[in-house]
Structure formats: C-alpha cells, structure tokens
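Open the model in your viewer and keep the sequence panel visible. The stops below each give a selection to make and then what is found there.

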Amino acid sequence: MTENQTLDFCEEQAALDRECFEWGTNVDGKRFDNLWMVWDTNSDNQIDRYEFRSALDSMNIANETDPSNLAVSAYFYRNQYIICRPLRNQVLYNLDKKERQMYRGILDFLAPSTHMKYNIPTKDYDPGFNKIDNGNTFNRTKWDSVVDDIFESMCETTFETDRIGWILKTEPNSNSKKDLFASLDHNGNGEIERVEYKKFYESIDSNGDLWIYPKEVKAWMQDNMDSICAKYRPLMIKNLNEATKEDGYETRALNDVFELLNADDEFPPNVTKDAIMLYDSL
Ligand SMILES: [Ca+2]
Ligand SMILES: [Ca+2]
Ligand SMILES: [Ca+2]
C-alpha cells in the first residue's frame, strides 16, 4: 500500500462519514497514535518476530493458515482510524480544499465581481443578477441555464466530502424540499425581479452585512441541499449502488499490503524488515 493509496483510502473513509472520521482520527484521549504503536506491544520502537506474528494473528479472524485477503481487508477497516491518524491533517485539508473550490463556484455565481479572489467574501447582488440576465427580470429557463452546472458540481462535491451527511440531507421525503426558483419568485409571476433576487441574496447573507462569506454559503447549502440536489440524486445514488457492487477500490489497495507481507523470498522471513517496509508504506 503506497502512501497515495493510503491517502485515497483515508479520504474515502473521511468522505463516507466525516464526523466519525474526525472523531476517530483525533489522537486526543486515544491509546494509539498510529498502527505501529498497536503492533509494538512492548513499546521498544521495534517490531520483533513475536509482535509481527501477533499482528498477523489478529488479522486472522477466520482462523486460516494465513489470513486471506478479505481478512486483511477487514483488519484494515477495523483499524482504519488508527491507520489514518498520521494522515488526518492532510485528509481534512484535502476535503476542505474541495469544499472551498465549491464555495468559490457559488460565490462567483452569486456576485461575480472583479475584486473577488479565492476564498474572499463577495458583496452586492447586482452582478449576480446581471450574470443571469442584464434586463430587469429573468425566467426559469434562464435561471436553470446558469445554475444547473453550478448546482450539479455542488452536489457532487458535497457528496464526495461527506457521503452519509449528503444522503441524509438529500432524502427525497424530507419536508423542507422546495422549488428554489419558486421560492425566489415571491409574487408568483414566473419572473424574478431584482427586488426578489435581492431577497434571495439576503437570505444567504445571514448576518446581514451584505458580504457573503463561505460559511454563509455553506449554511445556505446545508439548509437547501434536498432542493439543490433533488434533480441529480437519483443518478448519483444509482452510480453509488453500482460502485458498491464492484469489488471496490479498497479491497484492491489492501491486497497490496497482503502481497507486501508475503513478498520476501528470505527464509525464515525477516519479519522486522517486512514490518518496517509495511510501516513505511502505510
Ligand atoms: Ca516491540
Ligand atoms: Ca416574480
Ligand atoms: Ca454576511
């Protein structure tokens, strides 16, 4: 398992359930900082033959001659948070970066302006309105043509950064689901006027200072996730189910660990060296 594979594995786990990942990989109050500490039972900073055998035995839940690939995979899943602890900061940073890129997209849509820079809040609703239409009103077709791509990418990114949270928040039978365009159209005439768009902008600007901050965008998105993602949800759930049916990336990555464990031609195997190789690769 190369470092990149481990990082992918950990990002996958973090994306599946971010809350659990953050709790599980936080070393505060936990017994082990990493997998090495689990294996090094006498804490002498070396893995001896006995400790290595114990580690293998603890993978061997089905009591096979040697643990099968599935048993090794199961071991790594059981210990995923310990394995991911050394990579915690990097994993969370990468997920945050994905989120920030998404906010940039929505900020750019809400109020595109020349002074807007990466992760800088943005002010004034007029440029956003003008981006949809330069006149005094816009209709649903124009709205859709501008927001469809933005919303789709928002839904994909939120799905990638917190899957459990996303599935819960986009539940189709949620009571809060509403037609976003209709919620903008206060007088119900099928057109959005500037004054109506201003109300929409103000509904995101929760502290009312006319600046839209990433955290305000995030809160608005979380509140409206079911509406924003309703259109894309069925296909995304279908793709997810198909991906789950396949063998899955994780099992393949973990097979590499198993191969590494058995790769040495030396006999008797130099278990300390193997363990160090394995540790280095984790
Ligand atoms: Ca030891
Ligand atoms: Ca209207
Ligand atoms: Ca604000």
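The tour starts with the whole chain, moves through helix packing, and ends at single residues in loops.

**Whole chain**

Colour by confidence before anything else, since this is a predicted model. The average pLDDT of the chain is 79, and 79% of the residues score at least 70. Now select residues 114–119, where pLDDT stays under 50 and the model has seven contacts beyond four places in sequence. Residues 266–271 also stay under 50, with five contacts beyond four places in sequence.

Switch to a cartoon view: the chain holds 16 helices and four strands. Of its 282 residues, 25% are buried. Among contacts with a separation of 6 or more, 65% join residues 24 or more positions apart.

**Helix 7 and its partners**

Select helix 7, residues 88–110, and add helix 9, residues 140–161. Packed helices are described by the angle between their axes and the distance between the axes. For helix 7 and helix 9 the angle is about 165° and the axes are 10 Å apart. An angle over 145° counts as roughly antiparallel, so helix 7 is roughly antiparallel to helix 9. Their crossing is left-handed. To see the contact, show side chains for Leu95, Lys98, Glu99, Met102, Gly105, Ile106 and Phe109 of helix 7, which meet Val146, Ile150, Ser153, Met154, Thr157, Glu160 and Thr161 of helix 9.

Keep helix 7 and swap helix 9 for helix 1, residues 3–16; the axes of helix 1 and helix 7 come within 10 Å and cross at roughly 65°. Helix 1 passes helix 7 in a right-handed crossing. On helix 1 the contact uses Leu7, Cys10, Glu11, Ala14 and Ala15, and on helix 7 it uses Gln90, Val91, Leu92, Asn94 and Leu95. Leu95 of helix 7 is also among the residues that meet helix 9.

Which residues of helix 7 meet helix 13? Select Arg100, Tyr103, Ile106 and Leu107 in helix 7, which meet Pro214, Val217 and Lys218 in helix 13. Here the packing angle is about 90°, with the axes 10 Å apart. That makes helix 7 roughly perpendicular to helix 13. Ile106 also appears in the contact of helix 7 with helix 9.

**Helix 12 and helix 5**

Go to helix 12, residues 194–204, and highlight its buried residues, Tyr197, Phe200 and Ile204. Looking down the axis of helix 12, these buried residues fall within an arc of 55°, so they line one face of the helix. An α-helix has 3.6 residues a turn, so residues three or four places apart point the same way. Then turn to the face of helix 12 away from the buried side, which carries the exposed residues Val195 and Glu202. What covers the buried residues? The cover includes helix 7, helix 8 (126–132), helix 11 (180–184), strand 3 (191–193), strand 4 (211–212) and helix 13 (214–229).

Next select helix 5, residues 69–78, where Val72, Ser73, Tyr75 and Phe76 are buried. Seen along the axis of helix 5, its buried residues span an arc of 155°, so they too line one face of the helix.

**Single residues**

Select phenylalanine 52, which sits in helix 4, residues 49–59. Phenylalanine 52 counts as partly exposed because 19 C-beta neighbours lie inside 10 Å, while the cut-off for buried is 20 or more. Draw a distance from the C-alpha atom of phenylalanine 52 to that of threonine 41: the two are 11 residues apart along the chain and separated by 9.8 Å.

Two asparagines come next. Most residues other than glycine have a negative phi. Asparagine 45 has a positive phi, near 65°; asparagine 45 lies in the loop between helix 3 (35–39) and helix 4. Asparagine 63 has a positive phi as well, near 55°, and is in the loop between helix 4 and helix 5. Asparagine 45 is exposed, with 8 other C-beta atoms within 10 Å. Asparagine 63 is also exposed, with 8 other C-beta atoms within 10 Å.

The last selection is lysine 178, in the loop between helix 10 (163–169) and helix 11. Is lysine 178 buried or exposed? With 12 C-beta neighbours inside 10 Å, lysine 178 counts as exposed. Leaving aside neighbours within four places in sequence, lysine 178 is in contact with Ser183 and Ser227. Finally, add alanine 230, which is 52 residues from lysine 178 in sequence and 9.5 Å from it in space, C-alpha to C-alpha.

Terms used:
Residues are numbered from 1 along each chain as its sequence is written. Chains are lettered from A and ligands numbered from 1 in the order in which they are written. This is a predicted model: local features need pLDDT of at least 70, side-chain atom pairs count only at pLDDT 80 or more; totals for chains, interfaces and linings use all residues. The arc is that of the directions from the helix axis to the C-beta atoms. Two residues are in contact if their C-beta atoms, placed from the backbone, lie within 7 Å. pLDDT is the predictor's confidence in each residue, from 0 to 100. Axes are lines fitted to C-alpha atoms, for helices over the stretch in contact, and angles run from 0 to 180 degrees between N-to-C directions. Angles under 35 degrees count as roughly parallel, over 145 as roughly antiparallel, 65 to 115 as roughly perpendicular and the rest as oblique. A crossing is left-handed if the near helix is turned anticlockwise from the far one by less than a right angle, and right-handed if clockwise.
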